Amino acid sequence: MRRRVASALAVACVLLMAAPAASAGSAVNMYDVVSLSEEDLGLNGAALDPVGEWAIVFGADAYLELVSTTDPETRIELLWNNEVDLNDGDFHPGGQTAFIVGNEGQVLRYARGDHSITNAGGQIEFGQTKLTAVAWNTGGSWAYVGGEDGWLWRMRAAEDGGAEVHPILGRGASDISGIDCHPSLMLCVVSSVLDGIGVIDRDHSLYWIGGTYYPWSDVQCPTGERDECVAVSSDRNIATISLDGEQPSTSGVEIIQLSGVEGHFTGLSHQHGDRSLIIETPFSLIEHDLSLSAAFPWLEYSDAVDFDASIAGERIVASWSTDRDSGWILTDRGTLVQYHPPPSNSVGGILGAWILIAIPLATLLVILSLAFGLFPGLRQWFTLRFGTAEEKREARRAARRKKRG
C-alpha cells in the first residue's frame, strides 16, 4: 500500500511539472487592427447600444460614426453640419435613440430607425457650457447631463420637438467627469473632479456621499446583480460605491489606491458581468472585478509597445467586449485593436482536466503519506478498508502477530 501511495504521488508531481507556467505579462494579446481614417480623428469615446451590437464613436469637429462591435470594418457614417467637439454619449435603454453631448451646450440625438442626427439641445438650454457626461436613468424617462463647473441637468424630449431641461439642485463647483445609472436601481452616480461622488435618486435629488478632493475620472455601474458601482481617479484610486436603494443619502464610498502602477487612470469601460476595464495612460488596461473588490493586470504597456510602438503612443478612449475575455480597443486617433487571451493562457482538453485533478490529488496524497508514517494504525485501517484482497490478508496477519507478540 505504501508503494502504491508513493507511485501515485510521483505521477501527480510529474503532471504538476508538465503544467504550463502562468504568464507574467498581459492577460490578453493584441491582434487585428482596423483604422477608421488615415487622419487623426481626435476621438473622445464611444457609446454602445444596450445589446452590444453597435457603437457610436464620437470626437473632435462633431465626428460621428456607427461601428459594428464585432466587425469594425462594417460602419455607417453619421452626418452633422457642425464642428463642435463631442465628449460623451449614451443610448436610451430601449436602444432606438442616443444622446451625444459636446462643447458649447451641444446635445445631439441619434435615431436608429434612419440613422439620423438631429439637434436635441443647445445654447438656449445649456448656454455655452462644455458638456462632459450624459446617462439615461434606468427607466429611460430622463437623461442626466453634466458639464464643466459642476453643472448638472435632467432632460428629455419635449412634445414640440425640442427639449425639456431642468437644473439639478445642490451641484458642486468642479467639472463633472462621469455619470452612470444603475441597471436595476433607480439611482444614478456622478463623479466630479473635486466635489467627490454623488448619487441622484428617482426624484432627481442629488446627495454627495464622499470622495471629496479626489480627481475622479469616471464612474460605472457594470451590473444589476450588485448594488454597487465603481469610480477611478487620475491618481490611481479606485472607489467602490455601495448604493442604498431605500435611503440614497446613506450610500457609502470605500476608496483604495492601487499600488505598483505608474500611469494615470483616465476612464472605465464595461467588460463582462461585474468586471470593468480601467483605461490607463500610457496605453494599458487593468481589469477590475467588483465582486472580488480586486484589480488585475490586463494589458501592459510594454506588451503594447512590442505589438506596435506607434499604436502604443496613442490614447485609449474606449473599449468594448465581444466575449468574456475578448473585445476591441478604440484610440483617440481612430485605431481599433482586437484583443483576446493568448492560447498559452488557457489549458484545455484532457491535459487541463488532468491538471485540475492532479493538484488536489497531490495535496491529498502528501497528507496521507505523512499520516501513514506517523500513525501505523491509520495505515492499517486504510488498508483493511480500501486495499486489495491480498493486502487485507497481509494486514490481518500483521495484526495477529502484533497481538501474539
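Hi everyone, let me start with a small residue: alanine 62 is buried, at 6% relative accessibility. One thing before I go on: this is a predicted model, so please keep that in mind as you look at the structure with me.

Back to alanine 62, which sits in the loop between S3 and S4. Its phi is positive, about 60 degrees, although alanine 62 is not a glycine. The loop between strand S3 (54-59) and strand S4 (64-68) also holds aspartate 61, and phi of aspartate 61 is positive too, near 55 degrees, again in a residue other than glycine.

While we're on backbone geometry, please scroll to threonine 281 and proline 282. A cis peptide bond joins these two residues, with omega at about 5 degrees. And where is proline 282 found? Proline 282 is in the loop between strand S23 (275-281) and strand S24 (284-289).

Now to the sulfurs. How many disulfides does a search of the whole structure find? The search finds 2. If we number the bonded cysteines of the protein chain in sequence order, they pair 1-2, 3-4.

Let's take cysteine 181 and cysteine 188 to begin with. Their sulfur atoms are 2.0 Å apart, and the link is right-handed, with 100 degrees about the S-S bond. Are these two cysteines buried or exposed? The cut-off for buried is under 20% relative accessible area. Cysteine 181 has 9% relative accessibility, so it counts as buried, and cysteine 188, with a relative accessible area of 2%, is buried as well.

The other pair is cysteine 221 and cysteine 229. Here the sulfur atoms are also 2.0 Å apart, and the link is right-handed, with 95 degrees about the S-S bond. Both cysteine 221 and cysteine 229 are buried.

Cysteine 181 takes us to my last stop, a sheet. Strand S14 covers residues 176-181, and S14 belongs to an open sheet of 4 strands, in the order S14-S15-S16-S17, with antiparallel pairing. Strand S14 and strand S17 (206-210) are the edge strands, each pairing on one side only. On average, neighbouring strands of this sheet are turned by 25 degrees against each other, direction ignored.

Let's zoom in on one edge. Strand S16, residues 197-200, pairs with S17 in the antiparallel sense over 4 bridges. Which residue in S17 stands opposite isoleucine 200? That would be leucine 206.

That's my tour, thanks for listening!

Terms used: Residues numbered from 1 in each chain as written. Predicted model: local features only at pLDDT ≥ 70, side-chain atom pairs only at ≥ 80, totals over all residues. Heavy atoms only, no water. Pairing = 2+ DSSP bridges. Helix = DSSP H or I, 4+ residues; strand = E, 2+ residues; numbered from the N terminus. Axes fitted to C-alpha atoms, helices over the stretch in contact; angles between N-to-C directions. Disulfide = S-S within 2.5 Å. Buried < 20%, exposed > 50% of the residue type's maximum accessible area, 1.4 Å probe, protein only.
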